[in-house]
Structures are given as structure tokens and as C-alpha cells.
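Please read this walk-through with the structure open beside you. Take one step at a time, and find each part before going on.

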Amino acid sequence: MTNYYVNNNAQNDGCHEIHREGCVCLQKIVSKTDLGLHNTCESALVKARKYFAYVNGCANC
Ligand SMILES: [Zn+2]
């Protein structure tokens with residue numbers, strides 16, 4: 001199980017990216033929401049969609 005986070009600030013395309021704990025991208029994120037522990041990126045995406053309409057997985061993690 002890995003802890004996932006969603007960026008509270010949308011990207012230029014309007015999507016909110018989700019990241020695993022330890023991803024280098026997280027260091028650049030000012031405001032994020034803890035999605036809790038997930039076995040897969042997919043289940044983390046489902047949870048993130050409860051907060052934001054448009055969410056996407058990170059390209060780096
Ligand atoms: Zn990432």
C-alpha cells in the first residue's frame with residue numbers, strides 16, 4: 001500500500017495530478033490533499049475524483 005496525494009491546484013489543462021508518496025513532483029506542490037493508502041493508482045484516482053472533476057495520474061510515478 002502506498003500513500004497518494006492529489007494536487008489542489010489544477011494544471012494548465014484543468015486536471016489535478018495525483019502522486020505517490022516520495023514522488024519528486026510532490027516537492028513542487030504547494031497545496032495537496034492526502035488520499036490515504038491505496039494498492040493501485042486507479043483506486044487513488046477514484047478517491048481523487050470525489051474532490052475534483054478532472055484528475056490524472058502523474059507521468060513520473
Ligand atoms: Zn508524481
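What follows goes from the whole chain to its sheet, its helix and its core.

This is a predicted model. Start with how far the predictor trusts it. The mean pLDDT of the chain is 95, and 100% of the residues reach 70 or more. Confidence can also be read element by element. Strand E3 has the highest mean pLDDT, at 98. E4 has the lowest, at 95.

Now look at the whole chain. It holds one helix and four strands. In sequence order the pattern is β-β-β-α-β. The chain is as compact as a globular protein of its length, because its radius of gyration is 10 Å and the globule rule gives 10 Å for 61 residues. The C-alpha trace spans about 30 × 25 × 20 Å along its principal axes. Of the 61 residues, 20% count as buried.

Contacts also tell us how the chain folds back on itself. Take the contacts between residues at least 6 apart in sequence. Of these, 60% join residues at least 24 apart.

Next comes the sheet. Strands of a sheet pair through backbone hydrogen bonds, and they can do so in parallel or antiparallel fashion. In what order do the four strands of this open sheet lie? The order is E3-E1-E2-E4, and the pairing is mixed. Strand E3 (32-38) and strand E4 (55-57) are the edge strands, since each pairs on one side only. Neighbouring strands are turned by 30 degrees against each other on average, ignoring direction.

Walk across the sheet in that order. E3 and E1 run antiparallel, joined by six bridges. Here Asn 3 stands opposite Leu 37 in E3. Step on to the next pair. E1 and E2 also run antiparallel, with three bridges between them. Tyr 5 faces His 19 in E2. The last step is from E2 (residues 16-20) to E4. These two run parallel, and three bridges join them. For Glu 17, the bridge partner in E4 is Asn 56.

Stay with E2 for a moment. Is this strand mostly covered or mostly open? It is mostly covered: four of its five residues are buried.

Then turn to the helix. Helix H1 covers residues 41-48. It lies across strand E1 (2-7), E2, E3 and E4. Against E3 it runs at about 135 degrees. One residue to find in helix H1 is Ser 43. Ser 43 is partly exposed, because 14 other C-beta atoms lie within 10 Å, and a residue counts as buried only with 20 or more. Compare its position with that of Glu 17. The two are 26 residues apart along the chain, and their C-alpha atoms are separated by 14 Å.

Now look inside. Which residues make up the largest nonpolar core? There are eight: Tyr 4, Tyr 5, Val 6, Ile 18, Leu 35, Ala 44, Ala 48 and Val 55. Two elements, E1 and H1, give two or more residues each. E1 gives the most, with three.

Ile 18 is a good residue to follow through this core. It lies in strand E2. Why does Ile 18 count as buried? It has 26 C-beta neighbours inside 10 Å, and 20 or more are needed to be buried. Leave aside its neighbours within four places in sequence. Ile 18 is then in contact with Tyr 4, Tyr 5, Val 6, Leu 35, Ala 44, Leu 45, Ala 48, Val 55, Gly 57 and Cys 58. Take Tyr 4 from that list. Ile 18 and Tyr 4 are 14 residues apart along the chain. Their C-alpha atoms are separated by 6.8 Å.

Finish with Ala 48, another member of the core. Again leave aside neighbours within four places in sequence. Ala 48 is in contact with Val 6, His 16, Ile 18, Leu 35 and Val 55.

Conventions:
Residues are numbered from 1 along each chain as its sequence is written. This is a predicted model: local features need pLDDT of at least 70, side-chain atom pairs count only at pLDDT 80 or more; totals for chains, interfaces and linings use all residues. The radius of gyration is taken over C-alpha atoms; the globule rule is 2.2 Å times the number of residues to the power 0.38. A residue is buried if 20 or more other C-beta atoms lie within 10 Å of its own, exposed if 12 or fewer, and partly exposed in between; C-beta atoms are placed from the backbone. Two residues are in contact if their C-beta atoms, placed from the backbone, lie within 7 Å. Two strands pair if DSSP finds at least two bridges between them. Axes are lines fitted to C-alpha atoms, for helices over the stretch in contact, and angles run from 0 to 180 degrees between N-to-C directions. A nonpolar core is a set of buried Ala, Val, Leu, Ile, Met, Phe, Trp, Tyr and Cys residues joined through C-beta atoms within 7 Å. pLDDT is the predictor's confidence in each residue, from 0 to 100.
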